[in-house]
Each structure stands twice: as C-alpha cells, then as structure tokens.
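Please keep the structure open in your viewer and follow the selections below in order. Each stop names what to select and then says what is there.

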Amino acid sequence: MRRFLPSKSNSRQMMVAVVLGTALAGSPTKAAVAEPPAEALTDISKYCQTCWRNARLPTDRWQDCTQEVFIRLLERVEADRWGSVLVDNETIERREFLRAIDAVKKRTQRARKFANLSSDQADTRISNSSMKDERDAVAKASVEVLSPRQRRLLDLTADGWSVPEIAKELGTTVERISDEKYKAIKKLQHFFRVS
C-alpha cells in the first residue's frame, strides 16, 4: 500500500485551506466569500517566516504564528485584498497586516518569558541560608589569611561596591584594587583547598 506524503507546497496549501475553512465555517451567513489569490498566501507565509526568524521566535511556533496572522487577516481584511498587503505601503490592509504580525509576535514572546518560570526553581530560603553560611566561613578564614585592607576590600565587594568606587573610597587606582582583590581571592581559595 502506497502512502501519500505531502510535499512542502502541498502541506502549506493544506495549512492555508485549514485556516480558511476554520475561519469561514464560523460565518455561514455570508453567501459568497472571495478567495485570496494563492500567490498572496505563499508570499504572506514567507513574509511571516522572515518576521518570526528576525524576532527569534522558536522554529516550532512559526506555523502556529502564521496561522494566527491569517486568522486575524480573515477577520479584518477582505480576502480579495490580500494581494495588496505586501505591495502597497500606505493602505489600511497593509496596516492591519503589520498589526497582526506585531500582535502575534509580541504575544508569543511574552508567552516564552513566562513559560520559563516553573516550580523547579530553587527555594530562595535555602540558598540564602547556605549563602550566609558560606559568607560566615569566608569571614572567619579572611581573619586568619588576609590583611585588614584585603578584608575591607572584599567586604566592600560583597556589599555591591564596584572596583572604581572601592578605588575612590580607599584612595588608590582601579588597577591596584583589581590586583589586591585578585590576590585576596587567591589566598582564600588556597586556604579552602588546604583545609
């Protein structure tokens, strides 16, 4: 038994047919609906794919986003005017098309940002208490290993001071602070490796 595998152009035509069929099925009162030119459908699909690529949307979402644009176009633009959305710059149809692309793009980008939040995130209470324990261990070690100036430098760093701010506070150069900070961290690393 031979199976029919749709080609890329057949699958695109099938996608457009599904979108059009779905949208038109919801409005049975219209007696005659103009069909958009096949060339316009292809051009709009290509334009949309370029937009999705430039917006860095996930590739697996491109078809869904393109379908949403087609649905918005069906709601707002007469199908026989679709050919003008890519040609004429100052038409209402063109503005509706660009609005549709922009709305779909922004909604997809927002969905991506919120989808990254999950219950797998670390409990901040645990990380804060472990961070406090680590800071206490570093503070004890710094008394044994570091000079008072190096301890002050690391305290300021831990409190969020930038290197230029520390240099100004201690009355020295940025290079000198960077060098002292590097040496202090190396001393602490050596201390924790040995003990």
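Begin by selecting Asp 179 and Lys 183, which form a salt bridge whose closest N and O atoms are 3.2 Å apart; like everything on this tour, the pair is seen in a predicted model. Both residues belong to helix α8 (residues 174–194), and because they are four residues apart there, about one helical turn separates them. Colouring by accessibility would show Asp 179 as partly exposed, with a relative accessible area of 34%, and Lys 183 likewise counts as partly exposed, at 45% relative accessibility.

Next, select Arg 61, Asp 64, Glu 68 and Arg 107, which are joined into one network by salt bridges that share partners. The structure holds twelve salt bridges, and two further ones deserve a stop.

For one of these, select Glu 169 and Arg 152, whose side chains meet in a salt bridge with an N to O distance of 3.4 Å. This pair links distant parts of the chain, since Glu 169 sits in helix α7 (residues 163–170) and Arg 152 in helix α6 (residues 148–158), 17 residues apart. Glu 169 is partly exposed, with a relative accessible area of 43%, and Arg 152 is also partly exposed, at 36%.

Then move to helix α4, where Glu 96 and Arg 99 lie three residues apart, about one turn of the helix. Their side chains meet in a salt bridge at 2.8 Å, N to O, and Glu 96 is buried, with a relative accessible area of 18%.

From here, turn to the nonpolar interior. Which residues touch the most other members of the largest nonpolar core? Select Ile 44, Trp 52, Val 69, Trp 82 and Phe 97, which do so among the 21 residues of that core. Helices α2 (38–54), α3 (62–76) and α4 (92–115) each supply at least two of the core's residues. Centring the view on Ile 44 and leaving aside its neighbours within four places in sequence, you will find it in contact with Phe 70, Leu 73, Trp 82, Val 85, Leu 86 and Phe 97. A second, separate core has eleven residues, including Ala 141, Leu 146, Leu 153 and Ala 184.

Finally, select the whole protein chain, whose secondary structure comes to eight helices and zero strands. Of its 195 residues, 26% count as buried, and its accessible surface comes to about 14000 Å², of which 53% belongs to carbon and sulfur atoms. Among contacts between residues at least 6 apart in sequence, 64% join residues at least 24 apart.

Notes: Residues numbered from 1 in each chain as written. Predicted model: local features only at pLDDT ≥ 70, side-chain atom pairs only at ≥ 80, totals over all residues. Heavy atoms only, no water. Buried < 20%, exposed > 50% of the residue type's maximum accessible area, 1.4 Å probe, protein only. Contact = heavy atoms within 4.5 Å. Areas by Shrake-Rupley, 256 points an atom, 1.4 Å probe, with all protein chains shown as cover. Core = buried A, V, L, I, M, F, W, Y, C linked by side-chain atoms within 4.5 Å. Salt bridge = Lys/Arg side-chain N within 4 Å of Asp/Glu carboxyl O.
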